Number of protein chains: 2
Amino acid sequence: MSGLMSAEELEARLREVGAERYHSLHPFHKLLHSGALNKGQVQAWALNRFCYQSAIPRKDAALMSRTFDRELRREWLRRITDHDGLGEEEGGIERWLILTDGLGLDRDYVISMQGALPATRFAVEAYVRFVRENTLLEAVASSLTELFAPEIHRQRIAGMLENYDFIDDSVMPYFRRRLKQAPRDVAFALDYVKQNARTPDAQTAVVEALTFKCNVLWSQLDALYFAYVEPGFVPPGAFRPEETHG
Amino acid sequence: MSGLMSAEELEARLREVGAERYHSLHPFHKLLHSGALNKGQVQAWALNRFCYQSAIPRKDAALMSRTFDRELRREWLRRITDHDGLGEEEGGIERWLILTDGLGLDRDYVISMQGALPATRFAVEAYVRFVRENTLLEAVASSLTELFAPEIHRQRIAGMLENYDFIDDSVMPYFRRRLKQAPRDVAFALDYVKQNARTPDAQTAVVEALTFKCNVLWSQLDALYFAYVEPGFVPPGAFRPEETHG
């Protein structure tokens, strides 16, 4: 079990992790895409997910700050500009705010993250810290959930447009753009991991990094489910759909 | 002495730090620009300075990884692309390698940093660590040596072209580009510091951050002087001009 895998075996093992653990399997995800949530629950999802979106450039900058390899930095930079934008290009965080605007959430309230669940913030910051503190190889490997993202984005676009009358095409640019960006990024990261995980220990660390990242995503949906679906215990200070914001 | 300064007083105090401590005052700098060094000494300077140049994107990424402020990240990103390049644009590190190429140094040897002085590496990594670990305000303030850089770059272009027959215009693009980039960057950083250092303690921290950064630059020239000018004790393993590399 602890022998050296070929690059292909390692990739297969990583895809297995996704098949078992990616958050597309989470009950909250199924509710979201099938139209079973009410508007307040979708708002709660979008404003919590903002914490994750807006942390991505910080974690990618943390990764860049750790490598002496200029080519790796040049490649990785695109992830930051995809989210923060560059010059006239607004970036993915702005596109996410178009979604939260469209859902009727006050933009300053969303950006303040005051209404986010503490568990969301803990999970997101655990991810930033993981990238800052673990090996560079593990940091790269933790991005590999993008292997599984295009499918979830396709489901999201179709499911949300079809099932919610408070969502229309004008708020979906984030997901449409990610359909193009994620495959390009993940091809690089997957290749990097396959090239650089050349010992059994390194391969184990890579698989564990992806598992960790799946947990980061999964636990955010656990927290949403617990607070906003069942049993519906909203923690003190967190967003309450029945209140107006803005 | 520990009262709150106005923004203008703070700026004046910062400019005083530069007037007292910027490495343009260092004896090695004067030798370099006046044509008093031989080619081996200029090679030693260029290959040691590469360590600093190539660390800049890491320290700027470290700063970006620490801020939740998207506008600050978007602004700061340009410093990374100035050094690492973006797409077709080669960036300042590549321009620095054109200089070391022109000085007859093997590019792989320069990039490996194997010939750099340990004191250079320590100073440079102290800077990266400072930005990673101190307050965001101090991290921004530590960039303010750029207030004093255009003058040194102008002296360098004129002095080096005039005084060394082994240096011609083809290797100077790094300095020419920095003449344009540094003033633009520093205007933002200076404004940020003036806006955000609003207590006596914060202002003291800002002045100390700039002092620290001046020390980072100064100590690199001390190490060069000691190893390659007087007394000329090259540490074990460090670059020796009389040896050929590449």
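# A walk through a two-chain predicted model

Okay, let me start at the tail end: Pro231(B) sits in the segment that follows H11 of chain B. The peptide bond between Glu230(B) and Pro231(B) is cis, with omega at about 5°. Chain A has a cis bond too, joining Glu230(A) and Pro231(A), again with omega of about 5°. And Pro231(A) is found in the segment after H11 of chain A.

Before going on, please keep in mind that this is a predicted model. So how confident is the predictor? For chain A, what is the average pLDDT? The average is 94, and 98% of the residues score at least 70. For the model as a whole, ipTM is 0.88 and pTM is 0.91. One general caution: where pLDDT is low, the predicted coordinates should not be read in detail.

Now, how do the two chains relate? Chain A can be superposed on chain B by a rotation of 180° with 0.0 Å of shift along the axis, and the RMSD comes out at 0.0 Å. That is the relation of a two-fold axis. If you want to find that axis on your screen, go to Ala61(A): in chain A, its C-alpha is the nearest to the axis, at 2.4 Å.

Next, the contact between the chains. How many residues does each chain put in? Chain A gives 15 residues and chain B gives 15 residues. On the chain A side, helix H3 (39-64) and helix H4 (70-84) each supply at least two residues. H4(A) has the largest share of that side, with 6 residues. As for chemistry, the side of chain A that touches chain B divides into 7 nonpolar, 2 polar and 6 charged residues. And here's a nice bit of reasoning: 100% of the interface residues of chain A are also interface residues in chain B, so the copies meet through the same surface.

Let's look at one helix in chain A, H7, residues 118-133. At 1.5 Å a residue, the 16 residues of H7 in chain A should span 22 Å, and the end C-alpha atoms are indeed 22 Å apart, which agrees. Which residues of H7(A) are buried? They are Thr120(A), Ala123(A), Val124(A), Tyr127(A) and Val131(A). Those residues cover an arc of only 95° around the axis, so they lie on the same side of H7(A). Turn to the face away from that buried side, and you meet the exposed residues Pro118(A), Arg129(A) and Glu133(A). What covers the buried residues of H7(A)? The cover includes H3, helix H8 (136-141) and helix H11 (200-228) of chain A.

We can play the same game in chain B with helix H1, residues 7-21. The 15 residues of H1 in chain B should span 21 Å at 1.5 Å a residue, and the end C-alpha atoms are 21 Å apart, which agrees. Buried in H1(B) are Leu10(B), Leu14(B), Val17(B) and Gly18(B). These cover an arc of only 95° around the axis, which puts them on the same side of H1(B). They pack against helix H10 (173-196) and helix H11 (200-228) of chain B. The face turned away from the buried side carries exposed residues, including Glu8(B), Glu9(B), Glu16(B) and Glu20(B). Ala12(B) and Ala19(B) are among the exposed residues there as well.

A few loops to finish. Met113(A) is in the loop between helix H6 (107-112) and H7 of chain A. Its phi is positive, about 60°, although Met113(A) is not a glycine. Is Met113(A) buried, exposed or partly exposed? With 18 other C-beta atoms within 10 Å, Met113(A) is partly exposed. Over in chain B, Met113(B) is placed in the loop between helix H6 (107-112) and helix H7 (118-133). Met113(B) has a positive phi of about 60°, although it is not a glycine. With 18 C-beta neighbours inside 10 Å, Met113(B) also counts as partly exposed.

Last stop is Asp69(A), in the loop between H3 and H4 of chain A. Asp69(A) is exposed, with 12 other C-beta atoms within 10 Å. Along the chain, Asp69(A) and Asp185(A) are 116 residues apart, and in space their C-alpha atoms are separated by 17 Å.

Terms used. Residues numbered from 1 in each chain as written. Chains lettered and ligands numbered in written order. Predicted model: local features only at pLDDT ≥ 70, side-chain atom pairs only at ≥ 80, totals over all residues. Contact = placed C-beta atoms within 7 Å. Helix = DSSP H or I, 4+ residues; strand = E, 2+ residues; numbered from the N terminus. Nonpolar A, V, L, I, M, F, W, Y, C, P; charged D, E, K, R; others polar. pLDDT = per-residue confidence, 0-100. Least-squares fit on C-alpha atoms with pLDDT ≥ 70 in both. Expected span 1.5 Å × (residues − 1). Buried ≥ 20, exposed ≤ 12 C-beta atoms within 10 Å, placed from the backbone. Arc of directions from axis to C-beta.
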